[in-house]
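Please go through the structure shown here. The report below takes up its cysteines, its chain contact, one helix and its salt bridges.

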Amino acid sequence: MNIFDFAHAFFGDSANWQGYDGIPQRFLEHLQYSLLALAVAAAIGLPVGLLTGHTGRGGNALAFIANAARALPSFGLLVLVVLLIGFGLLPVMIPLVVLAVPPILVTTYEAVRTVDPSPVDAARGMGMPESRILFQVEVPVALPLILSGLRSAAIQIVSTATIAAYVSLGGLGRYIIDGLYQRDYEKVVGGATLVAFLALVTLVLFWAAGRFTVSPGVRRR
Amino acid sequence: MIRIESVTKRYPDGTMAVDRLSLEIPDRSITVLVGPSGCGKTTTLRMINRMVEPTEGTILLDGADIQRQPVTTLRRSMGYVIQNAGLFQHRTVVDNIATVPRMLGWGRQRARERAAELMERVGLDTALAKRYPYQLSGGQQQRVGVARALAADPPVLLMDEPFSAVDPVVRKGLQDELLRIQEELGKTIVFVTHDIDEAVKLGTMVAVLREGGRLAQYAPPAELLSDPADAFVEDFLGADRGIRGLSFLSTTALELTTDPVIPPDATAERIGAADAAHLLVTDGEGRPLGWSEPRRLTAGDIRPDRLLPYGRPFVPGVDSLRVALDCAVLSPTGWAVAVDDAGRVRGVVSQQTIGDAIRTAHQDGRTAHQDGRAGDEKVLG
Ligand SMILES: Nc1ncnc2c1ncn2[C@@H]1O[C@H](COP(=O)(O)OP(=O)(O)OP(=O)(O)O)[C@@H](O)[C@H]1O
Ligand SMILES: [Mg+2]
């Protein structure tokens, strides 16, 4: 049996499409964890990245924190948090957010900091307030890079959200962990395929978001 | 009027960018700041809209300290144009130009109409309205930059080397356009450049700065060229300042002669009577045809194709002495041809006569400057 046979068997079994352990249910759970983690990470990473990028200050401290956060293994962090505060959604969110903040923060900072200074200078010279300079001059030009930071964060979250299953929560990780435990490789391959599919969907969504939000003048097309 | 009163700018790293500079910038005219790289031109300009705060001294706008009003209000009363235009990449040409009106709360429609009006004013085809900056040439981008600065009709326009990144032909076009716009709008323009030719061409007054941000000379361009204050200014003006100074001298008083000018049907007597090495033959309506030695002319059979070319004519009272001299230098006979608006010959003038006119003008000019100085001293004393 190769992995295509496993996948074929898994998706062909109608029992896998129903109930609390069915594909729609697990997919939805996975999506919920991912979206929540991404929202929280963006709520932290975007404002800090925009502000530091605009002022050009705090870049070194930022890089240090981001690198430190990157060095933390998500699974280890999960175990640690569970030991500290017990089971639940929160201990899953913490490692996911810690994972996602650095790429959002660092790319947003870099994206805004490297915007061509002359339009910013012109804007300031015409009496534009700083907030307006940030949101109407810098962000529109920095948007492709900012989106790419969000995209890599989203992809990492989608693949890492499988750890939720370790702390008895749902999501696509259930198939992988339960499958490994039960030596049910159909399940393992099926779960992994679904995670890969969700990652792909994420990529497509970000591509579409770029198409609709980035000005043709910036895309140069 | 903008008054800069002994303003000094020392940057935090100790660089002395501007050193006790005082300037009076007259209303409704172009004042040019010129000088070598790093002499503090940009710093001076940016202190006027408070992009840079002076270390010492004050700047007055219409008598009031510019520190007294909110910085955004100040900046919105001054258009600002920079070297690479600094256009917003994500906005179309109209939306770039409409930026300040939109910021001031104008409706979208009204702001766009105003933008279209300005495109015409700065010589941009309105077909470019929906383009993005990357779809424009450097010269077009610069025009958009000027239009954007003029959009809310500010009384003051600050321009920092706006035309230095485009090729000489486009630059000349932009300069002419600026002079034309200025004629129509009468803004108070402060213009920074490191190009002395541009300074002389555009400036009503020219301030020459030297390294360390000190004022070397502040004078109208003609005076600058004829009377540089010191060796630094003289050196900065370049080797041909004498010739360039002629652009400011009028040809109105130039003495023309019609002696060597003959009609196509001139008689042998007329040809023989002329006391000149060359004669200028005109057509029936008095337009120049060309030069010839008298002995090569046969009365009644003057052949235009046998004549020497008369070169480029000048229009007295319109063209400067520099143009007249240029015409004489380029003429094969050493005589310049003066014509009226319709191109009919008004007379001819020799290099000798032009040379005399230059000498006279310089003498008069020198007396005028001396009078001016005496007057200044009285005011200062
Ligand atoms: N932000 C700054 N910090 C420190 N020094 C500065 C700063 N800006 C300019 N300077 C220095 O101040 C001096 C004057 O600079 P400024 O930009 O006003 O010159 P400029 O006449 O406009 O030169 P250029 O023709 O090259 O544009 C230079 O020696 C420059 O290095
Ligand atoms: Mg400069």
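## Cysteines

Cys39(B) counts as buried because its relative accessibility is 0%, under the 20% cut-off. Cys327(B) is buried too, with a relative accessible area of 1%. The model is a predicted one. Over all chains, it holds 0 disulfides.

## The contact between chains A and B

Chain A puts 22 residues into the contact, and chain B puts in 23 residues. Together the two chains bury about 1,900 Å². Carbon and sulfur atoms account for 63% of that area.

What polar links cross between the chains? There are 8 residue pairs in polar contact, counting pairs with both residues at pLDDT 80 or more. On the side of chain A that touches chain B, three helices each supply at least two residues: H6 (117-125), H7 (130-160) and H10 (216-219). H6(A) gives the largest share, 7 residues. By type, this side of chain A divides into 11 nonpolar, 6 polar and 5 charged residues.

The count of salt bridges between chain A and chain B is 1. Its partners are Asp121(A) and Arg46(B), whose side chains meet at 2.8 Å, N to O.

## Helix H8 of chain A

Which residues of helix H8 of chain A are buried? The helix covers residues 173-182, and its buried residues are Gly173(A), Arg174(A), Tyr175(A), Ile177(A), Asp178(A) and Gly179(A). Their cover includes three other helices of chain A: H1 (3-12), H2 (23-55) and H9 (185-213).

Arg183(A) comes just after H8(A). This residue takes a positive phi of about 50 degrees.

## A salt bridge between distant parts of chain A

The whole structure contains 34 salt bridges over all chains. One of them joins the side chains of Asp21(A) and Lys187(A), at 3.9 Å from N to O. The partners lie 166 residues apart and link distant parts of the chain. Asp21(A) sits in the loop between H1 and H2 of chain A, while Lys187(A) belongs to helix H9 of chain A.

Are these partners buried or partly exposed? Asp21(A) has a relative accessible area of 22%, so it is partly exposed. Lys187(A) is at 12% relative accessibility and therefore counts as buried.

## Salt bridges in chain B

Arg114(B) and Glu117(B) form a salt bridge through their side chains, at 2.9 Å from N to O. Both residues lie in helix H5 of chain B, which spans residues 108-121. They are 3 residues apart, about one turn of the helix. Arg114(B) counts as buried because its relative accessibility is 15%. Glu117(B), at 45% relative accessibility, counts as partly exposed.

The side chains of Glu293(B) and Arg296(B) also meet in a salt bridge, at 3.8 Å from N to O. Why is Arg296(B) exposed? Its relative accessible area is 58%, and exposed means over 50%. Glu293(B) has a relative accessible area of 28%, so it is partly exposed. Elsewhere, salt bridges that share partners build one network. Its members are Arg121(B), Arg143(B), Glu177(B), Arg180(B) and Glu184(B).

Note on methods
Residues are numbered from 1 along each chain as its sequence is written. Chains are lettered from A and ligands numbered from 1 in the order in which they are written. This is a predicted model: local features need pLDDT of at least 70, side-chain atom pairs count only at pLDDT 80 or more; totals for chains, interfaces and linings use all residues. Side-chain values use heavy atoms; hydrogens and water are left out. Contact means heavy atoms within 4.5 Å. Buried area is the accessible area (1.4 Å probe) that two parts lose on being put together, summed over both. A salt bridge is a side-chain nitrogen of Lys or Arg within 4 Å of a carboxyl oxygen of Asp or Glu. A polar contact is a pair of N or O atoms within 3.5 Å; within protein, one must be able to donate a hydrogen and the other to accept it, and residues adjacent in sequence count only if both atoms are side-chain atoms. Helices (H or I, at least four residues) and strands (E, at least two) are DSSP runs, numbered from the N terminus. Ala, Val, Leu, Ile, Met, Phe, Trp, Tyr, Cys and Pro count as nonpolar, Asp, Glu, Lys and Arg as charged, and the others, Gly among them, as polar. A disulfide is a pair of cysteine sulfur atoms within 2.5 Å. Buried means under 20% relative accessible area, exposed over 50%, partly exposed in between (1.4 Å probe, protein chains only).
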